[in-house]
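This report is meant for a reader who is meeting the structure for the first time. It begins with the two chains as wholes, and then turns to a few of their parts and to the place where the chains touch.

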Amino acid sequence: MASKRPDRREFLKGGAALTGGLTLGAVAPVLGQAPASPPMIKGNKDQIAYGDRSRFVTSVRIAHGGRPSPDDFGLVFHVASPLQDSVGVITPSSLHFVGTTRGSYIPEIDPREHRLLIHGMVDRPLTFTMEDLKRLPSVTRLHFMECAGNRSSRRAKTVQETHGMTSCAEWTGVLLSVLLKECGLKGGASWFVAEGSEEVKGASSMPIAKAMDDCFVAYGMNGEALRPQQGFPLRLMAPGFEGIFHTKYLRRIKVVDRYYMNYNDFGHLDQEPKVAALAYQIGPKSVITFPSGGHQLPGRGFYEISGLAWSGGGAIKKVEVSTDGGKRWNIAEIKGTAHRMAHTRFGYQWNWDGQETEIQSRCTDEIGQVQPSRAQIAKYWNKTLDQTFSVPGLDNSIQPWKVAKDGSVLNGNA
Amino acid sequence: MGTLRVLPFVLLMGVSTLAQSPTYGVGRTPTAEEIRAWDISIGPTGEELPPGRGTTKEGAQVYRAKCAGCHGATGIGGTAPILKSKAGPEVELWARGRILPLRAPFATTVWDYINRAMPLNREGTLTADEVYALTAFLLNMNGVIPEDEVLDAQSLPKVKMPIGDRFASLPEWKPRTPRLKGYPY
């Protein structure tokens, strides 16, 4: 048996060489003859150990907002996910967006050395090793994450540039409520501060109600350990809150009785109570990812319009698509299950008549919040809608894509 | 026999008095020293501030040596965020730029950030005295405290920041409710 294996391998190699010759020679198969095989990829140890994608798949992340990342010093800033190529709702870990509060090196943490300290207004402060955390009951949940700066601009051409600072993954970890109950919350505990281990030791204040509702400390992402860019070995998940609250390299949680006004909190400081109130929970938002800016439609005919919808308020209840610049709205199909605070894939069947038009999507979440147009937002805030108008809080406005007669797709906000 | 008879009673007592006891018994109790060493959060009351002191004059020297390279000799014009408002006090505070040692509601936030995050890539190298001195220097530079004020664990939390209470506090957050009451979006 064993002696036959090398023979088979030799045979495959020979076959690959032969096929290559046939392809180059462009010999058409004779009727009834089996079609030529494609060229073969020779297996190697790396492909066995940790698989690669096809060399024909070239979708990659890009530095976001014009600032190089990494910069000359190796600092990572913001990196945007290629939503224009996305299918389904899971962002592969390699393509998940990356945000840092300030250009930051990525800490290289030995998980055996890592500790999470929970202290402050608790009966029993505790430190947990990664091993400790993996012994505790776990949750596995799909959640999106989005950077507060994920904002469509006139200059942006693709959906990666307008919306690429959001992604969705399957996260695994331990509910913060489990850990806090283990420590015993003291009366009067109303806020908590989460702190990371990167150079700035980014710290944010969050309501204790959020901690007890659905926050968890995650060690797993898409079926494996967190990636270093996503906070290996441990990060906080604060589902539906702005990205900055999902503290990476989580080392400490301090339970307190007031807003601690950390530097990250200072970044949210505002004069206007209504604007300040928008600083946590992300509103309902959706975007068409196909066809989107930079795509080229080959001609009139059938296309399934495809996109993503999400909300910090809960699950997506409804998605609508307009193919006439927002005059008429049609119900889109939600693909699979709409999870709470997770990207939800939608589709809409469209026959393009070859005329210039504008396509848009909008969503409604389970608590009835509806994604607005820029005009609706400007009206609410009593502002003039012009190119200088900036959406207060995280920009969740409807994204229009212009489809030109030649099939090219352009940013409708440009 | 006697033990068995009282057991149900003990269990009942246990439920009511030990409702806050740990369920899993996983994790280790840190020592008070460990917590002190890890706890770099300085809240508005300043209760976590370490001993030490510093003045504007001392801060100017530390600033020249460790900060001016990125933030500029006068807090303006460097590659790092500016630390001094270009506009004077005649301009409304909210129009004077997002400058930490000017707009922060509490001086403790300035101390906390310098201590945890500065200087870039050499975090954790400043002594407590240096952080007090730099905080004094930056607050003085923005006209918040006089040059002769000494900052320490007692005086720092008492510094009156120019913003006063003219900033929005956050509404109570509740799950499954809109992010802003009355905002349909």
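A residue is called buried here if 20 or more other C-beta atoms lie within 10 Å of its own, with the C-beta atoms placed from the backbone. By that rule, buried residues make up 32% of the 185 residues in chain B, and in chain A, which has 414 residues, 46% count as buried. The model is a predicted one, and every value below is computed from it.

**The two chains**

Chain A holds nine helices and 21 strands, and its C-alpha atoms fill a box of roughly 80 × 65 × 40 Å along the principal axes. Chain B comes to seven helices and two strands, and from the N terminus on its elements follow the order α-α-β-α-α-α-α-α-β. The table sets out like values for each chain.

| Chain | Buried residues | Share joining residues 24 or more positions apart, among contacts with a separation of 6 or more |
|---|---|---|
| Chain A | 46% of 414 residues | 69% of contacts |
| Chain B | 32% of 185 residues | 61% of contacts |

**Strands of chain A**

How many of the residues of strand E8 of chain A are buried? Five of the five residues of this strand, residues 203–207, are buried, so strand E8(A) is largely enclosed by the rest of the structure. In a regular strand the side chains alternate between the two faces of the sheet. Ala203(A), Ser205(A) and Pro207(A) point one way from E8(A), while Ser204(A) and Met206(A) point the other way, and all of them are buried. Strand E7 of chain A, residues 191–195, runs antiparallel to E8(A) and is joined to it by five bridges, and within this pairing Glu195(A) stands opposite Ala203(A).

Elsewhere in chain A, an open sheet of five strands has the order E16-E15-E19-E20-E21, with antiparallel pairing. Its edge strands are E16 (330–331) and E21 (409–411), each of which pairs on one side only. Strand E20 of chain A, residues 401–403, pairs with E21(A) in the antiparallel sense over three bridges, and Val403(A) stands opposite Val409(A) in E21(A).

**A helix pair in chain B**

In chain B, helix H6 (residues 107–117) packs against helix H7 (residues 128–141) at an angle of about 125°, with the two axes 9 Å apart. That angle makes H6(B) oblique to H7(B), because it falls outside the ranges that count as roughly parallel, roughly perpendicular or roughly antiparallel. H6(B) passes H7(B) in a right-handed crossing. To the contact H6(B) brings Ala107(B), Val110(B), Trp111(B), Ile114(B) and Asn115(B), and H7(B) brings Val131(B), Leu134(B), Thr135(B), Leu138(B) and Leu139(B). By class, the residues of this contact divide into eight nonpolar, two polar and no charged.

**Where the chains touch**

The contact between the chains takes 56 residues from chain A and 44 residues from chain B. On the side of chain A that touches chain B, helix H8 of chain A (residues 273–277) gives the most, with four residues. That side of chain A has 26 nonpolar, 14 polar and 16 charged residues.

Conventions. Residues numbered from 1 in each chain as written. Chains lettered and ligands numbered in written order. Predicted model: local features only at pLDDT ≥ 70, side-chain atom pairs only at ≥ 80, totals over all residues. Buried ≥ 20, exposed ≤ 12 C-beta atoms within 10 Å, placed from the backbone. Pairing = 2+ DSSP bridges. Contact = placed C-beta atoms within 7 Å. Nonpolar A, V, L, I, M, F, W, Y, C, P; charged D, E, K, R; others polar. Axes fitted to C-alpha atoms, helices over the stretch in contact; angles between N-to-C directions. Parallel < 35°, antiparallel > 145°, perpendicular 65-115°, else oblique. Left-handed = near helix turned anticlockwise from the far one by under 90°.
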